[in-house]
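Please open the model in your viewer and keep the sequence panel beside it, since each stop on this tour begins with a selection.

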Amino acid sequence: MLKVLKKIQGIQSEKHFRPLILFAILFLSISCFIQTGTASDELTNDDCIKCHTSTALMVEENGGKHKTAVTCLTCHPGHPPMVSKAKIIPVCSECHAGKPHYALKKCNTCHTNPHAPLKMKLAANLTAPCVSCHSQQGKELKENVSRHSKLFCTTCHKTHKQIPSCLDCHQGHTDDMSNKDCLTCHPAHRPLVITYGQDIPNKYCAACHQRVANALIKSETRHSKLACVFCHKDRHKFVPQCETCHGTPHPAVLIAKFPKCIMCHTGAHSLGKEVKK
């Protein structure tokens, strides 16, 4: 049936093929009658397709749940003159209710065609309609304030389901970073909640922490041989205690006089062995 519809759609614009279109419609009608063996007074989807071929194809290709969960007659109960035109086109709220997103007005602002409901045309500067459906992302942006929280959803997502690359707006820490590398540490909707694994190279950290990175390299201590994430495990701004690795290497009397390691070892990245110029 779908192949026949596509053929009909392809020739609708040619006036000299109109007799062929009428023949095709007649053929479909006869076929339906032969298959059922009886003529029914009730309309079916096959009856709708005879005239509304382009709409049927649209639903077939982009209908989403409007293709799988409903039929033509679920939404359009009958046809003029048996049913008035005022009752043919339903309002969205007849089926879509019970969720915050469904309480929004003017559904067709974004869902411009009910026969392809998820092929949306998004207006500029939208946020509230988006987070009414994508509530988790809205919660993350609100609870983890960053510059992203001040943007409209459509600033980044120009069309529905479009996920932009971080590098469209942000410069990578290094020239060889990919969008996947960015997302390894920075979740898009809470970018300052930075978490990472043990495979993050020092150069990613050094891009922001250049001073301490230089101090670490120049010190030539055992610390300089370690990855940043060896000490600063799992999450950004985590600062370990020296005793985690070193225990208490000095006598109690010395520790009593100098209770903090950095009182002698003036920085964890140089250990008091700064390079003198």
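Which residues make a nonpolar surface patch of about 370 Å²? Select Val253, Leu254, Phe258 and Met263, and you have the patch in view; bear in mind, here and at every later stop, that this is a predicted model. Within the patch, turn to Phe258, which lies in the segment after helix H16 (252-257). Its relative accessible area is 32%, which counts as partly exposed.

The next stops concern charged pairs. Side chains of opposite charge can pair when their charged atoms come close. The structure holds four salt bridges, and the tour visits some of them, beginning with helix H3.

Select residues 45-51, which form helix H3, and show the side chains of Asp47 and Lys50, which both lie in this helix, three residues apart, or about one turn of the helix. The two side chains meet in a salt bridge, with a distance of 2.9 Å from N to O. How exposed or buried are the two partners? Asp47 is partly exposed, with a relative accessible area of 24%, whereas Lys50, at 15% relative accessibility, counts as buried because the cut-off for that class is under 20%.

Select Lys67 and Glu60 next, whose side chains meet in a salt bridge at 3.3 Å, N to O. Lys67 is partly exposed, with a relative accessible area of 39%, and Glu60 also counts as partly exposed, at 34% relative accessibility.

Now move to Asp176 and Lys203, where the side chains meet in a salt bridge at 2.9 Å, N to O. This pair links distant parts of the chain: Asp176 sits in the loop between helix H10 (153-156) and helix H11 (179-185), while Lys203 belongs to helix H12, and the two are 27 residues apart. Asp176 is partly exposed, with a relative accessible area of 48%, and Lys203, at 42% relative accessibility, counts as partly exposed as well.

From Lys203, stay with helix H12 (202-206), which is part of what covers the buried residues of helix H13. Which residues of helix H13 are the buried ones? Select residues 210-219 to display the helix, then pick out Ala213, Leu216 and Ser219, which are its buried residues. These residues lie on the same side of H13, because they cover an arc of only 135 degrees around the axis. Rotate the view to the other side of H13, and you will find Arg211 and Ile217 exposed. Following the chain past the end of H13 brings you to Glu220, whose phi is positive, near 55 degrees.

For the last stop, select helix H9, residues 135-143, and colour its buried residues Gly138, Glu140 and Leu141. Why do these residues line one face of the helix? Looking down the axis of H9, you can see that the buried residues fall within an arc of 160 degrees, so they share one face. Ser135, Lys142 and Glu143, by contrast, are exposed on the other side of H9. To see part of what covers the buried residues of H9, add helix H8 (128-131) to the selection, as the cover includes this helix.

Methods:
Residues are numbered from 1 along each chain as its sequence is written. This is a predicted model: local features need pLDDT of at least 70, side-chain atom pairs count only at pLDDT 80 or more; totals for chains, interfaces and linings use all residues. Side-chain values use heavy atoms; hydrogens and water are left out. Buried means under 20% relative accessible area, exposed over 50%, partly exposed in between (1.4 Å probe, protein chains only). Helices (H or I, at least four residues) and strands (E, at least two) are DSSP runs, numbered from the N terminus. The arc is that of the directions from the helix axis to the C-beta atoms. Contact means heavy atoms within 4.5 Å. Patches are made of residues with over 30% relative accessible area and no salt bridge: like charges are joined within 9 Å, nonpolar side chains (Val, Leu, Ile, Met, Phe, Trp, Tyr) within 5 Å. Accessible areas come from the Shrake-Rupley method with a 1.4 Å probe; for residues, only the protein chains shown count as cover.
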